[in-house]
Amino acid sequence: MTLGLLLGIGRSFRRKRASSLDILSPKRAPRDFYKGKNCKPSGFHTRKGGYVVQPDKLPNYVVPDLTGFKLKPYVSQCPVNVNKTNESTEASK
């Protein structure tokens, strides 16, 4: 009897399918499964097929006023070597 129990447990471990260990995707999931792109909705659907956008769910970017700012918004991927001057070394001390 114990041998049959051990064989049954061994068979259950062997029946594991490789597909069950894969990442769940909509192609392998049930028909109504929707994975999405990990983003939150900005509104909701109405009963008549419309979509209502909620302004409080939209991103709000606060940009400061940069008038008179010396630096430019672009940063080069190939920076030029700048020689250190005495002023910069004195200021860091």
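Which pattern does the protein follow when read along the sequence? In this predicted model, the order of elements is α-β-β-α, and the secondary structure amounts to two helices and two strands.

## Confidence of the model

Across the protein the pLDDT averages 76, with 73% of the residues scoring at least 70. The confidence varies between the elements: strand β2, residues 51-53, has the highest value at 96, whereas helix α2, residues 86-92, has the lowest, at a mean of 59. Helix α2 is the closing element of the α-β-β-α pattern, and any reading of that segment should keep its mean of 59 in view.

## Exposure of the chain

Of the 93 residues in the protein, buried residues make up 2%. The area that the protein exposes comes to about 10,500 Å², and 58% of this is supplied by carbon and sulfur atoms.

Two cysteines can be described in the same terms. C39 has a relative accessible area of 60% and is exposed, because the cut-off for that class is over 50%. C78, with a relative accessible area of 64%, is likewise exposed. A search for disulfides over the whole structure finds zero.

## A nonpolar patch at helix α1

Which residues form a nonpolar patch on the surface? The patch consists of L5, L6 and I9, which together have about 310 Å² of accessible area. I9 is located in helix α1, which covers residues 2-14. The relative accessibility of I9 is 39%, so this residue counts as partly exposed, a class that lies between the buried limit of under 20% and the exposed limit of over 50%.

## The loop between α1 and β1

The loop between helix α1 and strand β1, the latter spanning 43-45, contains K40, and G36 lies in this loop as well. Is K40 buried or exposed? With a relative accessible area of 79%, K40 is exposed. For G36 the corresponding value is 28%, and this residue is therefore partly exposed, since 28% is neither under 20% nor over 50%.

Two C-alpha separations help to place these loop residues relative to other parts of the chain. K40 and L58 are 18 residues apart along the chain, and their C-alpha atoms are separated by 9.8 Å. G36 and S25 are eleven residues apart along the chain, with a separation of 10.0 Å between their C-alpha atoms.

How values were computed
Residues numbered from 1 in each chain as written. Predicted model: local features only at pLDDT ≥ 70, side-chain atom pairs only at ≥ 80, totals over all residues. Heavy atoms only, no water. Patch = residues over 30% accessible without salt bridge, like charges linked within 9 Å, V, L, I, M, F, W, Y side chains within 5 Å. Areas by Shrake-Rupley, 256 points an atom, 1.4 Å probe, with all protein chains shown as cover. Salt bridge = Lys/Arg side-chain N within 4 Å of Asp/Glu carboxyl O. Helix = DSSP H or I, 4+ residues; strand = E, 2+ residues; numbered from the N terminus. Buried < 20%, exposed > 50% of the residue type's maximum accessible area, 1.4 Å probe, protein only. Disulfide = S-S within 2.5 Å. pLDDT = per-residue confidence, 0-100.
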